[in-house]
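Biologist: Could you walk me through this model and tell me what backs up each label? I'd like the reasoning along with the values.

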Amino acid sequence: MIRLQKVEKIYRRGAETVRALRGVDLEIHSGEFAAVTGPSGAGKTTLLHIVGCLDTPGRGEVLFDGVSVDGWTDKKLTRLRREKIGFVFQQFYLIPGLSVADNIALPLLFRKQKPDKDRIATLARMVGLENRTRHVPAALSGGEMQRTAIARALVNRPEIILADEPTGNLDSKNSEKIFDILKGLNRSGLTVLMITHNANLAARADRIIRIKDGMVEA
Amino acid sequence: MSGLMKLAVQNLFRHRTRSLLTMLGIGAAVAVLFSVLSFNRGFEAGLERELKGTGLHFMVVPSGCAHEVAALVLHGAVIPKFLEAGVIDDVNRAEGVSLATPILVAQMPNPQGGRIDLIYGVETAMLPDIKPDWEITGAYPAAANELLLGYNVALHNGITPGDGIRYPGVEGVFTVTGIVAQTGSQDDAFIYMDIREAQAILQHPGGATAVGVKLTDPVRMQEVIEGLESRVPGIQIVTMGQVMNSVSTVAASARSLSLAVALVALIIGTVGVMNAILMAVFERTQEIGMMRAIGASRWDIFRIILKETALLTMVGGIAGILIAAAGSTLIEGFVRRVMPYMPTGEMLRFEPLLAMGCVLFAMTIGLLAGFYPAWKASRINPIEAIKG
Ligand SMILES: Nc1ncnc2c1ncn2[C@@H]1O[C@H](COP(=O)(O)OP(=O)(O)O)[C@@H](O)[C@H]1O
Ligand SMILES: [Mg+2]
């Protein structure tokens, strides 16, 4: 579904250059649940951003459903993200002044679509927040915040969920819950790519992608 | 409420104090702008109304008092010079003059009341023609020893129709027959007296500070004026048009000054808006990065920020209009004290179209101020903003 070919990414920080990715070849298959692991600074987030067309590789190519996104405009990439990709972040990034329901509906704004009440309700139920749709994020637990973020990632019916340490800020019980939700989504056909430091969770994925020093370990 | 609107509203609510202060800045500017503009309209309309209301075509005054004339014609300021006794007859005899009425304005000590009265000596029977807009409680004076009082004179001294007033050197008592309803102008400060009595008290028989003239045929005004000026020495003739001009000139400079103040206030308010929105953008860098990641285009971000700016300036502007409307009596009272001349009647009338114009103007400027922060926001790099 998404293929990275000889992807390299170099960041410049003042005089220093950081080779965040050094020739990554990787294929994410449709319907799989892949965990990305590796030490801090290995390039996991960079990889996720490139897979998610949020960042572009310095060298190499990204193919989405067989089509290279090389040279695509920001507008085209934005549209691809909006329609096919759901992002989940470690810090949740919910909008504090909006209710759970409105946070879930946020991506619809950028499609100029009216929020479909039934769909929002269904998603809230799917992540176990049916009784908290009118709450603001501040009234939620960390686990509930992340579940809101997952529902938000799903509202545009993406093909793949990219989660960057989604359980990084959660205790083990809540981590389990988040993992179970992602696993359930995967069972119903969604592709999931999840960065995690939690070896337990990684072990339960279909596949583990180990990153070290900007390279995929065999 | 649409989603984008909700987003904008909740963002403004996130920093209530900051939003409130920013709105207040814009509000104050709009209040001043609106007040100045509506005052301006009211002033011009009032001036025209009043000049029409005098029913006179021009004034004959002693030469060399041009500036006081404007005030005199409309409200009877005290002019320190008198017309020669024969002038009134000369004017009356002139061809084309249908009516010439002498006016004698003077200060008169009133030891009984412990004050100095402003006397407006006039043919009292002419008052309804000279001041057609007046409303009277009681009656116009019918006899020589009867007086009509301006609103403030009556109010401050607790005088009611039927009361008597004495002046030194005059036998007998003047009886107040009526009070003029409040005009909001200098008219409120005068005591209107039969001109012959005023002349007697001032020991200036036949004297007048001015002669108001009405023509049989206004088209021949120029001709009549030239005739009078060549035949009668020591006079000057001021037409209503000239009065209008001289009053307008004073008003115009006052207006441009206050308009400048309003614009400066608006610029300061706008800088406040820019600052507030810019701060809001920087604080929300991560959030904006997230929105870009989940599918917001640069244009979406730009619009969100601009919507916020529009909302801020619109609410501020509307608040400004409300402030101006609520404070209009206060403002009007203040302006009346500082302006050399003010027409009677209410100057600050609420005009919805003008109010809308002011709000729209503030919004336009506010939106311009929002462009830079909005553009900044739209350039936020999502990967910089949301480092995982
Ligand atoms: N925007 C950036 N500018 C400069 N260096 C960066 C930037 N983003 C990441 N890096 C560097 O690239 C390397 C990989 O980062 P990252 O992909 O975030 O690693 P991980 O997610 O595995 O911890 C790190 O050394 C990091 O400091
Ligand atoms: Mg990371």
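Modeller: Sure. Domain bounds here come from an automatic or database domain assignment. On that basis chain B is divided into domain 1 (3–49 + 251–387) and domain 2 (85–233). Keep in mind that this is a predicted model.

Biologist: How do you know where the two domains of chain B sit relative to each other, and what separates their centres?

Modeller: Taken over C-alpha atoms, the centres of domain 1 of chain B and domain 2 of chain B are 50 Å apart.

Biologist: Now the interface. What makes residues of chain B and chain A count as being in contact?

Modeller: Heavy atoms have to be within 4.5 Å. By that rule, 26 residues of chain B touch 25 residues of chain A. The two chains bury about 2200 Å² between them, with 66% of it on carbon and sulfur atoms. On the chain B side, M290(B), I294(B) and I383(B) lose the most area to chain A, together 27% of what that side buries.

Biologist: Why is the pair D102(A) and K6(B) called a salt bridge?

Modeller: The cut-off is 4 Å from a Lys or Arg side-chain nitrogen to an Asp or Glu carboxyl oxygen. D102(A) and K6(B) come in at 3.0 Å, N to O, so the pair qualifies. The count between chain B and chain A is four salt bridges, while the structure holds 27 over all chains.

Biologist: And why do D74(A) and R298(B) get the label?

Modeller: Their N to O distance is 4.0 Å, and the rule accepts pairs within 4 Å, so this one is a salt bridge too. D74(A) belongs to helix α2 (residues 74–84) of chain A and R298(B) to helix α11 of chain B, so the pair joins two chains.

Biologist: How many residue pairs are in polar contact across the interface of chain B and chain A?

Modeller: Eight, with both residues at pLDDT 80 or more. In chain B, α1 (3–14), α10 (285–293), α11 (298–326) and α14 (382–385) each supply at least two residues of the side that touches chain A. That side divides into 12 nonpolar, six polar and eight charged residues.

Biologist: Where is ligand 1, and what makes T46(A) a polar contact of ligand 1?

Modeller: Ligand 1 lies between chains A and B, surrounded by 14 residues, with G41(A), G43(A), K44(A), T45(A) and T46(A) the closest. A polar side-chain atom of T46(A) is 2.6 Å from a ligand 1 oxygen. The limit for two N or O atoms is 3.5 Å, so T46(A) passes. T45(A) at 2.7 Å passes as well, and so does R13(A) at 3.3 Å.

Note on methods
Residues are numbered from 1 along each chain as its sequence is written. Chains are lettered from A and ligands numbered from 1 in the order in which they are written. This is a predicted model: local features need pLDDT of at least 70, side-chain atom pairs count only at pLDDT 80 or more; totals for chains, interfaces and linings use all residues. Side-chain values use heavy atoms; hydrogens and water are left out. Buried area is the accessible area (1.4 Å probe) that two parts lose on being put together, summed over both. A polar contact is a pair of N or O atoms within 3.5 Å; within protein, one must be able to donate a hydrogen and the other to accept it, and residues adjacent in sequence count only if both atoms are side-chain atoms. Helices (H or I, at least four residues) and strands (E, at least two) are DSSP runs, numbered from the N terminus. Ala, Val, Leu, Ile, Met, Phe, Trp, Tyr, Cys and Pro count as nonpolar, Asp, Glu, Lys and Arg as charged, and the others, Gly among them, as polar. A residue is near a molecule or strand if one of its heavy atoms lies within 4 Å of it.
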